[in-house]
Amino acid sequence: MSTASVLVVEDEQEIASMLTMALRFLGFTVVAAATGSEALASVAAHTPDVIVLDVVLPDLDGFEVCRLLRATGTRAPVLFLTARDGVEDKVHALDLGGDDYVTKPFDLNEVAARIRALLRRGSEPPRAASRSLKAGWVELNQDTHEVSCGGQPVRLTATEFTLLRYLLTHTGRVISKAEILDSIWNYDFQGESGIVETYIYNLRRKLDDTSQSLIRTVRGAGYLVDKS
């Protein structure tokens, strides 16, 4: 994993240099880009394993870069760097195909941990369990990575798919936010449960579950998906 390639897209030279040096020290191969246009060209030339993408760039913003990458078939996970911590911005990032986000100012160890988590998620072997998971009006196919809601296809990001699969394989019991963080992101977020809440919010919105009848919140305990 440490030999994986990372594209760092950041226009602030000091931050870009700090990230590049730290990730190279950890063993990653790092390429840097300072604009959205440079990022698109670099992805085409180097096919990175992970893209660390700033939102505010001098030409195309990070959201538009991500949209263009997904539209042209790039499947490398995208970790957004953003100073915006509002739910709307985070949901917008996920809708465009982003896989994770970290807000500025950030800790280098946290960025590295999130990159490793994204790499692990992409290298997980297929599971031998039942290939189709269902709950309520939602069905998930583990072989094709397709999700349907009331018979209609739903487009999820890789992280959203992984989270939904985890919830559907643990129906009938309450799953705490800490357990979700440990199982989906594979490292300690030091009590940062906001990322779980954001992803759950987005799943509910995409799965037509704004009434929370599918993914139920158990106050003070976590989330519950009924077996039915």
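In strand 9 of this predicted model, Gln 152 is the bridge partner of Cys 149. This pair is a convenient way into the sheet around it. Strand 8, which covers residues 146-149, runs antiparallel to strand 9, and the two are joined by three bridges. Helix 6, formed by residues 158-168, packs on the sheet and touches strand 6, strand 7 (138-141) and strand 8. The direction of helix 6 makes about 110 degrees with that of strand 7.

The sheet itself is open and has four strands in the order 6-7-8-9, with antiparallel pairing. At its edges stand strand 6 (132-135) and strand 9 (152-154); each has a single partner strand, so one side of each is left without a neighbour in the sheet. On average, neighbouring strands here are turned by 25 degrees against each other, direction ignored.

Helix 6 deserves a second look for its surroundings. Ten of its eleven residues are buried, and the helix is mostly covered. The buried set includes the aromatic residues Phe 161 and Tyr 166, along with Leu 163, Leu 164, Leu 167 and Leu 168. Glu 160 and Arg 165 are also buried, as are Thr 159 and Thr 162.

A second open sheet is built from five strands in the order 2-1-3-4-5, and here the pairing is parallel. Strand 2 and strand 5 (100-103) are the edge strands, each pairing on one side only. From one strand to the next, the twist averages 20 degrees. Within this sheet, strand 3 and strand 4 (residues 78-82) run parallel and are joined by four bridges. Asp 54 stands opposite Leu 81, a residue of strand 4. Helix 1, spanning residues 13-25, packs on this sheet in contact with strand 1, strand 2 and strand 4. The angle between the direction of helix 1 and that of strand 2 is about 170 degrees.

Helix 2 (residues 36-46) offers a clear case of two faces. Its buried residues are Gly 36, Ala 39, Ser 42 and Val 43. Viewed down the helix axis, these residues fall within an arc of 115 degrees, so they line one face of helix 2. The face turned away from that buried side carries Ala 44 and Ala 45, which are exposed. As for what lies against the covered face, the buried residues of helix 2 pack against strand 1 (5-9), strand 2 (29-33), strand 3 (50-54) and helix 3 (62-71). Just after helix 2 comes Thr 47, with a positive phi of about 40 degrees.

Stepping back to the protein chain as a whole, its secondary structure comes to eight helices and eleven strands. The radius of gyration is 18 Å, close to the 17 Å that the globule rule gives for 228 residues, so the chain is as compact as a globular protein of that length. Along the principal axes, the C-alpha trace spans about 50 × 35 × 35 Å. Of the 228 residues, 48% count as buried. Among contacts with a separation of 6 or more, 60% come from residues 24 or more positions apart. Finally, the chain exposes about 11000 Å², and carbon and sulfur atoms supply 51% of that area.

Notes
Residues numbered from 1 in each chain as written. Predicted model: local features only at pLDDT ≥ 70, side-chain atom pairs only at ≥ 80, totals over all residues. Heavy atoms only, no water. Pairing = 2+ DSSP bridges. Axes fitted to C-alpha atoms, helices over the stretch in contact; angles between N-to-C directions. Contact = heavy atoms within 4.5 Å. Buried < 20%, exposed > 50% of the residue type's maximum accessible area, 1.4 Å probe, protein only. Arc of directions from axis to C-beta. Rg over C-alpha atoms; globule rule 2.2 N^0.38 Å. Areas by Shrake-Rupley, 256 points an atom, 1.4 Å probe, with all protein chains shown as cover.
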